[in-house]
Amino acid sequence: MTSDLSAEDLLRAALALVATRPVGAWPEELDSLDRLEELVPGTAPRARHGAATDLAEVRGLRDRLAPLVLDPDPGSAPAALSALAREFDLAPVVDSVGGPVRHVSPDPRTVARVAEALVPGVMSAWASGLMPRVRTCGADDCDTPFLDRSSRANRHYCSDRCSTRVRVRRHRTRSSPA
Ligand SMILES: [Zn+2]
């Protein structure tokens, strides 16, 4: 993958991928790998082993990454993330003096492209102190995780759409006769 993405970009990508998983009443949103490149840049498949297998493997990695980006348990998360790096044989590579470090896996599967991007990405996000800024949307009917980079660290909603919806609903509740 092209690894000039910052730790923040990569954490955002990890959160975008994690947000597609089914939670409670929310259905699976990763229906195909067509959106993968958009979610995690640099993950376009090198070889196709069969779309269904690729999709199942990417979902599996996503579900293992979810607890490592949403609420990493200090006791077990570091070992779990390090184990993922070993599992995909990730090795640091540089292409030029002054160029970025990227991590490559010899594994030809699409899931390894995702691991190349997101496993080192989550490691850098942890190292950069970004994790306290990971939040879950405060709207009742939304569970989307997001990275709060506002200067006052006071964002409650994943998107303008959610904050507007909550505001409109509050307004309606207040202005409707009891
Ligand atoms: Zn939301």
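**Exercise 1. Work out whether D89 is buried or exposed, then describe its backbone and its place in the chain.**

Step 1. Start with accessibility: D89 has a relative accessibility of 52%, so it counts as exposed. The cut-off you need here is that exposed means over 50%. Keep in mind that we're working with a predicted model.

Step 2. Now the backbone. Most residues other than glycine have a negative phi. D89 isn't a glycine, yet its phi is positive, near 55°.

Step 3. Place the residue: D89 sits in the loop that joins α4 to β1 (91-94).

**Exercise 2. Do the accessibility, phi and location steps again for A153.**

Step 1. The relative accessible area of A153 is 27%, which makes it partly exposed.

Step 2. Phi of A153 is positive too, near 50°, and this residue is likewise not a glycine.

Step 3. For the location, look between β4 and α6: A153 belongs to that loop.

**Exercise 3. Find which atoms coordinate the zinc ion, and say what geometry they give.**

Step 1. List the donors. They are the SG atoms of C137, C142, C158 and C162, at 2.3 Å.

Step 2. Check the angles. Among the four donor atoms they run from 107 to 114°. Four donors count as tetrahedral if all angles lie between 85 and 135 degrees, and the zinc site is indeed tetrahedral.

Step 3. Write the donor spacing in sequence: C-x4-C-x15-C-x3-C.

Step 4. Ask what the site links. C137 is in the loop between β3 (134-136) and β4 (145-147), while C158 is in the loop between β4 and α6 (160-175), so this pair ties together parts 21 residues apart in sequence.

Step 5. Finish with burial: C137 has a relative accessible area of 6% and is buried.

**Exercise 4. Characterise helix α1 and what covers its buried residues.**

Step 1. Get the span. α1 covers residues 7-18, twelve in total, and reaches 16 Å from its first C-alpha to its last, close to the 16 Å expected at 1.5 Å a residue.

Step 2. Pick out the buried positions: A7, L10, L11, A13, A14, L15, L17 and V18.

Step 3. See what lies over them. The cover includes the helices α2 (36-39), α3 (51-70) and α5 (110-127), along with β3 and β4.

**Exercise 5. Describe how α5 packs against α1 and against α4.**

Step 1. Choose the descriptors. Two packed helices are described by the angle between their axes and the distance between the axes.

Step 2. Take α1 with α5. The angle is about 120° and the axes are 8 Å apart; the crossing is left-handed. From α1, the residues A7, L10, L11, A13, A14 and L17 meet V114, A117, L118, G121, V122, S124 and A125 of α5.

Step 3. Take α4 (residues 77-87) with α5. Here the angle is about 145° and the axes lie 9 Å apart. This crossing is left-handed. On the α4 side the contact uses A77, P78, L81, S82, L84 and A85, and on the α5 side V119, V122, M123 and W126.

**Exercise 6. Zoom out and summarise the whole fold.**

Step 1. Count the elements: six helices and four strands.

Step 2. Put them in order along the sequence: α-α-α-α-β-β-α-β-β-α.

Step 3. Get the dimensions. Along the principal axes, the C-alpha atoms fill a box of roughly 65 × 35 × 30 Å.

Step 4. Add burial and contacts. Of the 178 residues, 35% count as buried. Among contacts with a separation of 6 or more, 55% come from residues 24 or more positions apart.

Key:
Residues are numbered from 1 along each chain as its sequence is written. This is a predicted model: local features need pLDDT of at least 70, side-chain atom pairs count only at pLDDT 80 or more; totals for chains, interfaces and linings use all residues. Side-chain values use heavy atoms; hydrogens and water are left out. Donors are N, O and S atoms within 2.8 Å of the metal (3.2 Å for Na, K and Ca); water is not among the atoms, so sites may look incomplete. Four donors count as tetrahedral if all angles lie between 85 and 135 degrees; four count as square planar and six as octahedral if opposite donors are over 155 degrees apart and all others between 65 and 115; anything else is irregular. Helices (H or I, at least four residues) and strands (E, at least two) are DSSP runs, numbered from the N terminus. Buried means under 20% relative accessible area, exposed over 50%, partly exposed in between (1.4 Å probe, protein chains only). The expected span of a helix is 1.5 Å times one less than its number of residues. Contact means heavy atoms within 4.5 Å. Axes are lines fitted to C-alpha atoms, for helices over the stretch in contact, and angles run from 0 to 180 degrees between N-to-C directions. A crossing is left-handed if the near helix is turned anticlockwise from the far one by less than a right angle, and right-handed if clockwise.
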